[in-house]
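Please take a moment with the sequence and the structure shown below. The paragraphs that follow lead from one sheet and its helices to the surroundings of the ligands, and then to the protein as a whole.

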Amino acid sequence: MTQEANIDEKYKQAGHVISSAGGTPVPVNDTLVKLLKYFLGEEDLDFVLAFREYKSQTLDQLKETTGLSESEVVEKASKLASRGVIFNQPNRKGTMVYRLLPLLNVGTFEYMFMGKIEHNERNRQISALFDQLFEELEDIVQSNYDSLMPQLMQAPPVDRTVPMAENKSTGQPIKIMVDESVEESADRILPAQQVEALIEKFDEIALGYCFCRHHKDLSGQPCKQTDLRETCFTFGKSARYTSEQGFSRMISKQEAREILKRSEADGLVHKAYHPNFDISKDETSVCNCCRCCCGNSVENMIAPISNATNFLAVIDPELCVGCGTCVDECHTYAAYLGDDGKAQRNEELCIGCGVCAAFCPENAISMVKGPTRIVRIAPKKKKAS
Ligand code: SF4
Ligand code: SF4
Ligand code: SF4
């Protein structure tokens, strides 16, 4: 084996360790090796390989698994944290923990494109390699569609939709109807159901770039829905972490409210994220997503999207004039015009985002607040398994 082949083999070993670090597993192939070379020098590979067995380690553990001194571990971890490869934060007891991040969901891809980045050749190449890796991942999913999909459709929700609150044409609040059965159910205590309430809840709010739109910009496919790029909020500990690493900037509640307003005007969907997708825990972040660029949208999904919501759109046929605005605005193709020319909504596809209700010129759409529903939407099968 040539020296170059030996080095590539070591990058592949590091790729296996990264691919097994949680998040979305990625194919360990030549594309991944090319990509990793942008984030990891040869001198970083042993450090990554030290996470083979334990993906989270304390300083003492890392000193042992890497054979490095304390200062060397701290220096190496800080460098890799600034590249979105390592997460270095104290745990609840105040002990510093070093965690190897996956490449995707949430890891290097998100952190890299969440920060301010230059539109230069290097970043365009990184973006193109991510595109290639996504295509290869999709190929694997599509080639094993029949065996993988039943399992993937059981996945827990990734995000929770927080609906829009105001109808654009009237300026009036969107009508909310409460499903009375909820009062008796275990779903009685619900997490924040309005983004404004989330902004009030957290004292520390950071704002990052939308990594999906940033990535698409670099790939030469700019967003068709909005000119906004800084639309990703992180809260509390996550806000401190992302801003310290330079992936975001701390903002005031007032600026946060303004960004939300502009996001709603452009029809972006609010999605809240909770630690380990546990909606009983405080939100770590809120995204404002477009349909065209979001990696977790029906347009771009490789695996099924899985979303939690407490809302469902309901259309009043007496008020609907069949203009089709809700059909155009809906991110999941849940809204459509029926044979009578009036709008209909497919419950299985409705993520309760309220975009249709916000944009309906007749204010004909209400949101029903009810028990938590998990909406899972599978990608279409593109080829025979
Ligand atoms: S999930 Fe939504 S807001 Fe977040 S980065 Fe992707 S498109 Fe942007
Ligand atoms: S936007 Fe309103 S009026 Fe237009 S089709 Fe949809 S429900 Fe009907
Ligand atoms: S019908 Fe579409 S736009 Fe309306 S709430 Fe459901 S998912 Fe959102």
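How many bridges join β2 to strand β3, and in which direction do the two strands run relative to each other? In this predicted model, β2 and β3, the latter made up of residues 96–100, run antiparallel and are joined by five bridges. One point of the pairing can be followed residue by residue, since phenylalanine 87 has arginine 99 of β3 as its bridge partner.

These two strands belong to an open sheet of three strands, whose order is β1-β3-β2 and whose pairing is antiparallel. Because β1 (56–58) and β2 (86–90) each have a single partner strand, they stand at the edges, and one side of each is left without a neighbour in the sheet. From one strand to the next, the twist averages 25°. As a general matter, the strands of a sheet pair through backbone hydrogen bonds, in either a parallel or an antiparallel manner.

Two helices lie across this sheet, and both involve β3. Helix α4, which covers residues 59–66, lies across β1 and β3 and runs at about 100° to β1. Helix α5, covering residues 70–82, lies across β2 and β3, and its direction makes an angle of about 115° with β2.

The ligands come next. Around ligand 1 there are 14 residues, of which Cys210, Cys212, Cys287, Cys289 and Cys294 come nearest. The elements that contribute two or more residues to this shell are α10 (211–218), β7 (230–235) and β10 (285–289). Sorted by class, the shell around ligand 1 consists of nine nonpolar, four polar and one charged residues. Ligand 2 is surrounded by 13 residues, and those that come nearest are Cys320, Cys323, Cys326, Ala343 and Cys360; by class, its shell holds nine nonpolar, three polar and one charged residues.

Stepping back to the whole chain, the protein has 14 helices and 14 strands. Its C-alpha atoms fill a box of roughly 75 × 50 × 45 Å when the dimensions are taken along the principal axes. A compact globule of 385 residues would have a radius of gyration near 21 Å, and the 22 Å found for the protein agrees with that expectation. Of these 385 residues, 38% count as buried. Finally, among the contacts in the protein with a separation of 6 or more, 72% are accounted for by residues 24 or more positions apart.

Terms used. Residues are numbered from 1 along each chain as its sequence is written. Chains are lettered from A and ligands numbered from 1 in the order in which they are written. This is a predicted model: local features need pLDDT of at least 70, side-chain atom pairs count only at pLDDT 80 or more; totals for chains, interfaces and linings use all residues. Two strands pair if DSSP finds at least two bridges between them. Helices (H or I, at least four residues) and strands (E, at least two) are DSSP runs, numbered from the N terminus. Axes are lines fitted to C-alpha atoms, for helices over the stretch in contact, and angles run from 0 to 180 degrees between N-to-C directions. Two residues are in contact if their C-beta atoms, placed from the backbone, lie within 7 Å. A residue is near a molecule or strand if its C-beta atom, placed from the backbone, lies within 6 Å of it. Ala, Val, Leu, Ile, Met, Phe, Trp, Tyr, Cys and Pro count as nonpolar, Asp, Glu, Lys and Arg as charged, and the others, Gly among them, as polar. The radius of gyration is taken over C-alpha atoms; the globule rule is 2.2 Å times the number of residues to the power 0.38. A residue is buried if 20 or more other C-beta atoms lie within 10 Å of its own, exposed if 12 or fewer, and partly exposed in between; C-beta atoms are placed from the backbone.
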